[in-house]
Amino acid sequence: MKLLWITHRRFSEMSATTQKGIATALNKRGWEIEFMSPDGQHRVERSTRIGRGHQTFNRSIAEKLHSVELDEYCAAIVEWTGVQGASSELGRVQLPWVIMDRSPPITSGIIGWLQRKQYNKAWDIAREHSVGRAVKSAYMEGSQDWGKTSVIVPAGVDITAFESTKMNSDPLVVCHGSLDRSRELNRLTKMGVNLLLFGEGNDSHRLSNMTRVEGSGDVASRLAGADVGVLHLPNRDVWRHASPLKVAEYAAAGLPVVASEVSGLERYRNAEWLKLIPLGDDEACRIALQTLCKLPLDERKRLGALARQEAERSMTWENCTEALHEMLLEVKR
C-alpha cells in the first residue's frame, strides 16, 4: 500500500517529529510512504520570505504533481498548507486524499490574517473534494463543520528513544520546542524556579537574557537530566486545539508535568502526574511548579514513574495512529 504525503515540514528540523512518528507507525502497519516536501523524495520549494511561503509552496506542489506517477499510490495525506496546490491534480487522477491539520495559524497581525484566510480556503476545498480528515484533538474536530469520515490523531512518542530521568536534589524545570515570541515564554522566567528552555525561535536571544537557554539538541538526553516538564500557553483560542507532543515526551522521560488545559490532554485530567492549569494563568502555573519542586525526591520519582507508565500505555505512535490507519484502509482506491 503506497501513500503520498504532502507536507511543508523539513525533516531536518525538530518540527517534523510528528510526521516522522506517524510515518514510522504506518510503515509498521504495511504502508509505504513517500513525502512531497522541501526535502522529501519529491522535492518542492517553499520560500522563507515572510508572506511568500504558502504561495510558492502550493505553486511548486501543483507543478511537481504533473511529473509524479500518481497511479502508483492508493491514497494521499495532504496537510492543510498544501491543499490549494494539490487538490486539482489529485482530483483529476481520482486519487483519494485526506486533509491533515495539526497546526492552525497562531501568528497575529497582518501575516496571521493572511494565514487564517489561506487556512479557511484550504478547509473549504477539503470539504468539497477530500474523502476525510485527520485532526489532532477533539476540540479541533468539533470546531469545523464536517460531514465526512473523521479521525483524531493525538500527539504520540517513540518510547524507545527515552529513558526515565534520575532527577536532581535541586529540581530542574524544563520547557522545550519553539522559542518564538508568539509563545510568550518570557512569562515562565518569572515563576521562581530553576528553569531551562531549549529549542529555536525568534525570541531565543531575548529569553537568554532572562534564564538559561540552549539551542536544539537531543531531546531525550536533555529531558533525562530534568525533574519537571512545563507547557505554559497563552490564553488564545487557537491553543485550545493542541494535543501537545511535548507533554508526551515529558511523560516518556518520566517527568511530572504542569500544562495548560488543552483539548488533547482532557483524557489525562485525573492523572496524578499531570497538573492542568487554565490557559495563560501565570499564578496557577507558578503555584503548580513550585509545589512540584518542593516535593521530596522520592515523591517526584513516584509521579514520574506514573507518567512513564501512561506514556507506555497510551501515548505510543502505534496507539495514536490506529484510527488513521483504519480510515486510510477505508478510503484507499
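This tour visits two sheets in turn, with the helices that pack on them. The model is predicted, so that local features need pLDDT of at least 70 and side-chain atom pairs count only at pLDDT 80 or more, whereas totals for chains, interfaces and linings use all residues. Residues are numbered from 1 along each chain as its sequence is written, and side-chain values use heavy atoms, with hydrogens and water left out.

**The seven-stranded sheet**

Begin with the open, parallel sheet whose seven strands are ordered 3-2-1-4-5-6-7. Strands are DSSP runs of E with at least two residues, helices are runs of H or I with at least four, and both are numbered from the N terminus; two strands pair if DSSP finds at least two bridges between them. Select 42–43 and 149–152 next: these are the edge strands 3 and 7, each paired on one side only.

Then select residues 75–79 and 97–101, where four bridges join the parallel strands 4 and 5. Here Ala76 stands opposite Trp97.

Add residues 17–28: helix 1 touches strands 1, 2, 4 and 5, contact being heavy atoms within 4.5 Å. Its direction makes about 155° with that of strand 2; axes are lines fitted to C-alpha atoms, for helices over the stretch in contact, and angles run from 0 to 180 degrees between N-to-C directions.

**The six-stranded sheet**

Move to the open, parallel sheet ordered 10-9-8-11-12-13. Its edge strands are 212–214 and 274–277. In the pairing of strands 9 and 10, which has three bridges, Leu197 stands opposite Val213.

Finally, select residues 245–252: helix 8 lies across strands 8, 11 and 12, at about 140° to strand 8.
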